[in-house]
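Got the viewer open? Load the model, colour it however you like, and follow the stops below.

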Amino acid sequence: MISRIVKEPLVHFLLIGGLIFAAYSVFDDRPTAPTSQQIVITQADLSALSAQFESVWKRKPQPQEFSSMIEEMIRDRVLVNAALDLGMDQGDTVINRRLRQKMEFFAASIAEAVEPEDGELEAFYQANSQNYQIPPQFALEQFYLGDRAAANTVASALAALKNGTDPERFRHPSLLPERVEMSSMRVLDSAFGTGFAASLESLSIGEWSGPVKSGYGLHLVRLTGKSPTTHPALEQVADKVFQDWQSSKRQEVLDQYYQSLRQGYEITLPTADDAS
């Protein structure tokens, strides 16, 4: 019972709110409410500077380099404080977007610690099974008619192909392959243009059909092979299902956390009279 309560989204966002403030109080070692005329560089700041340098240059900074980095940090804070004193952060879209991203990222990192209950992944997989199905593959021959073709030309070429007579006078030169081995829909769309593979799904194997439109023009097509759509077992796509479940859960928790915060605000919108 307690385990089930702990895993409820309602509990998640309450925990997230508390954890955000608790985490900042633990990891933020800045002095309490410094004045705008104080610049306090902590040991954590220096360690972060050194680590940042090492991550790029794969060595510790020399004393002169470290002093320059500290001075640059001081310069950064002086200018930021001056900008804040002038209110330059107010109404700034870039700053607002960055603060929102930081809040969402921090809350999401906590939400990711949530683990699925027994059977929850299976239920998620069943509810979203269309996302995990393996689309059909096709093998084919194609006869290129050009970027456009009159209806009688299409009909004559199709009749020639079906009757086994010479259709070459209808063919337009092309670098596209005349035969394609069994390939995924993604590969076919990559070669012939988006939507070409979907046009093949209704065609019968062994019969010339068309015209089929590609990104290059019109084709007559004969399918020589087709594999059906398959649905893999959960075990075969478990990693992908878990990632999707985690993403879904993260969004669910974030939405509920946002709603809990929003309820604390009184929102005022302009009226029709304000706009006139």
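Start by selecting leucine 269: at 66% relative accessibility, this residue counts as exposed (exposed is over 50% relative accessible area, buried is under 20%, and partly exposed is in between, with a 1.4 Å probe and protein chains only). Leucine 269 sits in the loop between α10 (238-262) and α11 (272-275). Helices (H or I, at least four residues) and strands (E, at least two) are DSSP runs, numbered from the N terminus. Now add Met103, Leu261, Tyr265 and Ile267 to the selection: together with Leu269 they make a nonpolar surface patch of about 540 Å². Patch members have over 30% relative accessible area and no salt bridge; nonpolar side chains (Val, Leu, Ile, Met, Phe, Trp, Tyr) are joined within 5 Å, like charges within 9 Å.

A word on what you are looking at. This is a predicted model, in which local features need pLDDT of at least 70 and side-chain atom pairs count only at pLDDT 80 or more, while totals for chains, interfaces and linings use all residues. Residues are numbered from 1 along each chain as its sequence is written, and side-chain values use heavy atoms, with hydrogens and water left out.

**Zoom out**

Show the whole protein as a cartoon and you'll find 11 helices and 4 strands. Of its 276 residues, 27% count as buried. Switch on the surface: the accessible area is about 19100 Å², and 55% of that belongs to carbon and sulfur atoms (Shrake-Rupley method, 1.4 Å probe; for residues, only the protein chains shown count as cover). Among contacts with a separation of 6 or more, 68% are between residues 24 or more positions apart; contact here means heavy atoms within 4.5 Å.

**The strands**

Select residues 137-146, which is strand β1: 9 of its 10 residues are buried. What does β1 pair with? Strand β2 (residues 179-184) pairs with β1 in the antiparallel sense over 4 bridges, and strand β4 (residues 218-227) pairs with β1, also antiparallel, over 9 bridges. For two strands to pair, DSSP has to find at least two bridges between them. To see individual partners, pick glutamate 141, whose bridge partner in β2 is arginine 179, then leucine 140, whose bridge partner in β4 is leucine 223. While you have the side chains on, a handy reminder: in a regular strand they alternate between the two faces of the sheet.

Stay on glutamate 141 and add arginine 222. The two form a salt bridge, with the closest N and O atoms 3.0 Å apart. Arginine 222 lies in β4 and glutamate 141 in β1, so the pair ties together parts that are 81 residues apart in sequence. Glutamate 141 is buried at 15% relative accessible area, whereas arginine 222, at 25%, counts as partly exposed. The rule for a salt bridge is a side-chain nitrogen of Lys or Arg within 4 Å of a carboxyl oxygen of Asp or Glu, and the structure holds 10 of them.

**Two more salt bridges**

Which residues meet in helix α5? Look at arginine 100 and glutamate 104, whose side chains form a salt bridge (3.1 Å, N to O). Being 4 residues apart in α5 (residues 93-111), they are separated by about one helical turn. Arginine 100 is exposed at 56%; glutamate 104 is partly exposed at 35%.

Next, lysine 249 and glutamate 120: their closest N and O atoms are 3.5 Å apart. This pair links distant parts of the chain, with lysine 249 in α10 and glutamate 120 in α6 (residues 120-127), 129 residues apart. Add Glu252 and you have a salt-bridge network of Glu120, Lys249 and Glu252.

**Two loop stops**

Pick serine 214, in the loop between β3 (208-213) and β4. Is serine 214 buried or exposed? At 11% relative accessibility, serine 214 counts as buried. A polar atom of its side chain lies 2.9 Å from the backbone nitrogen of tyrosine 216. Leaving out residues up to four places away in sequence, serine 214 touches Phe192, Phe196 and His219.

Finish at asparagine 128, in the loop between α6 and β1. Its side chain reaches the backbone oxygen of phenylalanine 124 at 2.8 Å. For a last distance check, the C-alpha atoms of asparagine 128 and tryptophan 245 are separated by 9.9 Å, with their positions 117 residues apart along the chain.

Methods
A polar contact is a pair of N or O atoms within 3.5 Å; within protein, one must be able to donate a hydrogen and the other to accept it, and residues adjacent in sequence count only if both atoms are side-chain atoms.
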